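Please open the model in your viewer, and keep the sequence panel beside it. The tour moves from the whole chain to single residues, with a selection to make at each stop.

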Amino acid sequence: MSKSRPTQFQMKSLVEFMTKDPLLCAGKFNQNFTHKTAQKKWEMITAELNTLPGAEKSWDKWKKTEHLPRGLGGVVVPNGLREIPLVLS
């Protein structure tokens, strides 16, 4: 894995993925949405994000990227459940 900081384009893509999947974004688990289901979804998102120019991370590192407060000088995108910081640099 190379760079650790995602590009602006990768972050925008991550925000798009998260806004399309409210269950994954909420992080609430139930009978129909289990930890395994969430992991599989994160693995699919990771495959997409790692094909873009910039950072290459494992699924659990991309999951943590969503929570990073670093560089919040830009935009915060509301997704209906909670707000995801979007790094603009």
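What follows is a series of selections, each with a description of what is there.

**The whole chain**

Begin with everything selected and coloured by confidence, since this is a predicted model. The mean pLDDT of the protein is 76, and 70% of its residues reach 70 or more. Helix α3, which covers residues 35-51, has the highest confidence, at a mean of 94, whereas strand β1, residues 75-78, has the lowest, at a mean of 45. If you then select residues 68-82, you have a stretch over which the pLDDT is below 50, although in the model this stretch has 28 contacts beyond near neighbours in sequence.

Switch to a secondary-structure colouring, and you should find four helices and two strands, which follow one another along the sequence in the pattern α-α-α-α-β-β. A surface view adds that 27% of the 89 residues of the protein count as buried. If you draw the contacts between residues at least 6 apart in sequence, 56% of them join residues at least 24 apart.

**Helices α1 and α3**

Select helix α1, residues 8-20, together with α3, and look at how the two pack: the angle is about 150°, and their axes are 10 Å apart. An angle over 145 degrees counts as roughly antiparallel, and α1 and α3 are therefore roughly antiparallel to each other. The crossing of these two helices is right-handed.

Now show the side chains where they meet. From α1, take Gln10, Ser13, Leu14, Phe17 and Met18, and from α3, take Trp42, Ile45, Glu48 and Leu49. By class, the residues of this contact divide into six nonpolar, two polar and one charged.

**Leu49, on the α3 side**

Which residues does Leu49 touch, not counting those up to four places away in sequence? Centre the view on Leu49, in helix α3, and the residues to select around it are Gln10, Ser13, Leu14, Phe17, Ala55 and Trp62. Leu49 counts as buried, because its relative accessibility is 0% and the cut-off for buried is under 20%. For a distance check, the C-alpha atoms of Leu49 and Met11 are separated by 8.8 Å, while the two residues are 38 residues apart along the chain.

**Ser13 and Phe9, on the α1 side**

Move across to Ser13, which is found in helix α1. Leaving aside its neighbours within four places in sequence, Ser13 is in contact with Leu49 and Leu52. Ser13 is buried, with a relative accessible area of 11%.

Is Phe9, also to be selected here, buried or exposed? Phe9 has its place in helix α1, and with a relative accessible area of 52% Phe9 is exposed. From the C-alpha of Phe9 to the C-alpha of Leu49 the distance is 9.3 Å, for two residues that are 40 residues apart in sequence.

**Ala38, elsewhere in α3**

Return to helix α3 and select Ala38. Not counting residues up to four places away in sequence, Ala38 touches Leu24, Phe29 and Phe33. Ala38 is buried, with a relative accessible area of 7%. A C-alpha to C-alpha line drawn from Ala38 to Cys25 spans 9.6 Å, and the two residues are 13 residues apart in sequence.

**Leu23, in α2**

For the last stop, select helix α2, residues 22-26, and within it Leu23. The contacts of Leu23, leaving aside its neighbours within four places in sequence, are with Lys28 and Phe33. Phe33 was also in the selection around Ala38, so keep it displayed while you compare the two views. The C-alpha atoms of Leu23 and Phe33 are 7.5 Å apart in space, with the residues 10 residues apart in sequence. Leu23 itself is partly exposed, with a relative accessible area of 44%.

Conventions:
Residues are numbered from 1 along each chain as its sequence is written. This is a predicted model: local features need pLDDT of at least 70, side-chain atom pairs count only at pLDDT 80 or more; totals for chains, interfaces and linings use all residues. Side-chain values use heavy atoms; hydrogens and water are left out. pLDDT is the predictor's confidence in each residue, from 0 to 100. Contact means heavy atoms within 4.5 Å. Axes are lines fitted to C-alpha atoms, for helices over the stretch in contact, and angles run from 0 to 180 degrees between N-to-C directions. Angles under 35 degrees count as roughly parallel, over 145 as roughly antiparallel, 65 to 115 as roughly perpendicular and the rest as oblique. A crossing is left-handed if the near helix is turned anticlockwise from the far one by less than a right angle, and right-handed if clockwise. Ala, Val, Leu, Ile, Met, Phe, Trp, Tyr, Cys and Pro count as nonpolar, Asp, Glu, Lys and Arg as charged, and the others, Gly among them, as polar. Buried means under 20% relative accessible area, exposed over 50%, partly exposed in between (1.4 Å probe, protein chains only).
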